[in-house]
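This report describes the fold of one chain, the separation of certain chains, and the protein surroundings of a DNA strand. The sequence and structure are shown first.

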There are 4 protein chains.
Amino acid sequence: MPDGTATKELIGRTALRLFIEKGITETTIRDITSSAGIAVGTLYRHYGSKDELAWELFAESYMTIGRELHGIRIKEATARSKLEAMIRHFCNIFDKDTAMFTYLFLSRHRHLQKLTPRMPNPYIEIRSVINEGIRRGEIPRQDPDVSASMVMGLIMQMIDSRLLGQRIKQSIASLADTTVAASLRVVEA
Amino acid sequence: MPDGTATKELIGRTALRLFIEKGITETTIRDITSSAGIAVGTLYRHYGSKDELAWELFAESYMTIGRELHGIRIKEATARSKLEAMIRHFCNIFDKDTAMFTYLFLSRHRHLQKLTPRMPNPYIEIRSVINEGIRRGEIPRQDPDVSASMVMGLIMQMIDSRLLGQRIKQSIASLADTTVAASLRVVEA
Amino acid sequence: MPDGTATKELIGRTALRLFIEKGITETTIRDITSSAGIAVGTLYRHYGSKDELAWELFAESYMTIGRELHGIRIKEATARSKLEAMIRHFCNIFDKDTAMFTYLFLSRHRHLQKLTPRMPNPYIEIRSVINEGIRRGEIPRQDPDVSASMVMGLIMQMIDSRLLGQRIKQSIASLADTTVAASLRVVEA
Amino acid sequence: MPDGTATKELIGRTALRLFIEKGITETTIRDITSSAGIAVGTLYRHYGSKDELAWELFAESYMTIGRELHGIRIKEATARSKLEAMIRHFCNIFDKDTAMFTYLFLSRHRHLQKLTPRMPNPYIEIRSVINEGIRRGEIPRQDPDVSASMVMGLIMQMIDSRLLGQRIKQSIASLADTTVAASLRVVEA
DNA sequence: AATGAATGAGACTTCATTCAT
DNA sequence: AATGAATGAAGTCTCATTCAT
């Protein structure tokens, strides 16, 4: 029963790789289909347009991470342990699905404005951790948006460094430790 | 009255604005020329191609900032004062020429690999500050590349927050204070 | 229970409607099958191609009308009564199966050259009426092709007016009277 | 001074010919440009799209004829002379620019709904002649819309006969005489 | 220096048709 | 008989670049 699901996944996987390698605009539909070994028309049976393909690839992963961070926030007890678990989770995802994570990182500016408040959202989860930490007296009073941004900045930079890959050769584990430590220092003053 | 220069500057200014608004690939030569009120052919008298225009716009500003940070590094006395002056310098540039800074931020991934080691380079300057700080015992022993990356991450995130402009409404001055403080905490442990 | 026939008719009916609404070229196979609630492959079991479908729909109705007009020509006695009966017959068909008639009207230029002399043909019937009328002295000597064309012109225009529907809101019955009268005046001089 | 006007006219002329020969939808952009001996991009410098090209070709001629009929209506004295002059004018246009007239005839259904009430309009002129004729007692009381439609029907059929060209070989002059006579009979009862 | 009409490769997308199930 | 995923040729349109004026 060739229900097409396998083909759709093949297309998604192939597109992801090419979008990362060359950029979304620079990747043509024919790049994707010939790389995937399918006909052009087949792509359009599964995705309405190139834009829709790019967006679906983004939104799916973005919301998945949002949901996972939400799970961590609920499960862990303290602000410290939540933040640490979240950052380590980012590292795990990066290790397990570098391509997906890289795509999220590189294409976020293109897609961010299409997100609706209802969608699961990693940034909101981090801010909530800080908010709750302040309320419980675990961390000093501070602007939760500024702090959440800075924590995100540290994580993003970790990825940036790996992607450009020129300057930092650390293992992802040691980067995790360093980033956790830095994040806690930034948040706890 | 070298009016060729004025035209070239007009083109550069116009292109910069459009590149930021729509992205480089999404901006057409005709977008630029009609916005600037000139003919298509005129653009090609001043820039060899669209790629060259995008690169020249990037490299010029990137190297200027590199030179300015170099000046700060030489002038200031301590690692602390150097880092603080550098971050405040970034804020000043952002205030004075937001468009240029935004363009650098958004297009860096496209251009970074074209940089040669000989070119003035903001990142190198920050790393040098940390390196020297360690050697003089002003800050603890640490991986200068990791630390420089994290400081850059904080600065980049500040810009990111302003550009997406959804979450942070702080004045750039107050962001400067916060970023300086966070950077020092990250570096000094 | 020959259910293949029912499906074929469903396809024909659906295609007819869409061909009228959007034009033949502008109607896609998928438009037809999804409108009819069947699979694409099913259409091709009943019609060899889209062109064949369009032609079959045309030819079937065109020849039916030709045969009916032939019946009228044989049954009625005078040129006057034949012409009147024929025009009223057109009006009846229009009322009973507007879709089919509209399709004939709109697609005739595309199909007319595929007609062979052997096929039943409404125009030939009208010309024969005029020819016979002249021979019997019922109507003045005149070019039967020109006159038949003009009578067809009046009928076609009646449909045209209804289809574009902007200018004439008369009931089809009252249009019949007027058209009959005008046709007789055109033919009888 | 190659201002491009010549090229635009060349494109229009070529497109008109092909639209008539093959139909609008069936004529491709490449058909037009290779027939005209120009590049694809050149067509798009002069016409925004294929639809716009088809419409511009239609509207221009349609309104010109509307304006010319208006001139006739004002210049001639009686309903009879006006109608006769108008029908002869149609014949003259057909002789002088058969291609344009043919195009108007074949593509009218596609374009008619884009006409606005403000545009010069041949049908309106014919109806006005009948309206005024009734008011002055030159022709009997009758529905001006129905009569105008029937006159248009006779004219259209004359073209139809020439285009399909199978049945009528009369010179356009003799068709004019016949059509004038028939029209007057239709209108004057 | 400036102009802008012309170029044509190449992008995205559609759609009639096939065929394994 | 019916299904619908897959095909790929062909369509429309864009756009960086050139060049005669």
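A residue is called buried if its relative accessible area is under 20%. In this predicted model, 50% of the 189 residues of chain A count as buried. Chain A exposes about 9100 Å², of which carbon and sulfur atoms supply 52%.

The secondary structure of chain A consists of nine helices and zero strands. Its C-alpha atoms fill a box of roughly 60 × 40 × 30 Å along the principal axes. Among contacts in chain A between residues at least 6 apart in sequence, 69% join residues at least 24 apart. Chain A carries 26 positive and 22 negative charges, and their mean positions are 1 Å apart.

Two pairs of chains have no contact. Chain B and chain C have their closest C-alpha atoms 31 Å apart, while the nearest C-alpha atoms of chain A and chain D are 21 Å apart.

DNA strand F is surrounded by 36 residues, the closest being Thr7(A), Thr42(A), His46(A), Ile29(B) and Tyr44(D). Sugar or phosphate accounts for 62% of the strand F atoms within 4 Å of the protein, and bases make up the rest. The table lists distances from N or O atoms of the protein to phosphate oxygens of DNA strand F.

| Residue | Part of residue | Distance to phosphate oxygen of strand F |
|---|---|---|
| Thr42(A) | side chain | 2.7 Å |
| Lys50(B) | backbone | 3.1 Å |
| Lys50(D) | side chain | 2.8 Å |

Elements that give two or more residues to the surface near DNA strand F include α3 (40–46) of chain A and α3 (40–46) of chain C. Chains B and D each contribute α2 (29–36) and α3 (40–46) to that surface.

Key:
Residues are numbered from 1 along each chain as its sequence is written. Chains are lettered from A and ligands numbered from 1 in the order in which they are written. This is a predicted model: local features need pLDDT of at least 70, side-chain atom pairs count only at pLDDT 80 or more; totals for chains, interfaces and linings use all residues. Side-chain values use heavy atoms; hydrogens and water are left out. Helices (H or I, at least four residues) and strands (E, at least two) are DSSP runs, numbered from the N terminus. Buried means under 20% relative accessible area, exposed over 50%, partly exposed in between (1.4 Å probe, protein chains only). Contact means heavy atoms within 4.5 Å. Accessible areas come from the Shrake-Rupley method with a 1.4 Å probe; for residues, only the protein chains shown count as cover. Lys and Arg count as positive and Asp and Glu as negative; His and the chain ends are not counted. The place of a charge is taken as NZ of Lys, CZ of Arg, CG of Asp or CD of Glu. A residue is near a molecule or strand if one of its heavy atoms lies within 4 Å of it. A polar contact is a pair of N or O atoms within 3.5 Å; within protein, one must be able to donate a hydrogen and the other to accept it, and residues adjacent in sequence count only if both atoms are side-chain atoms.
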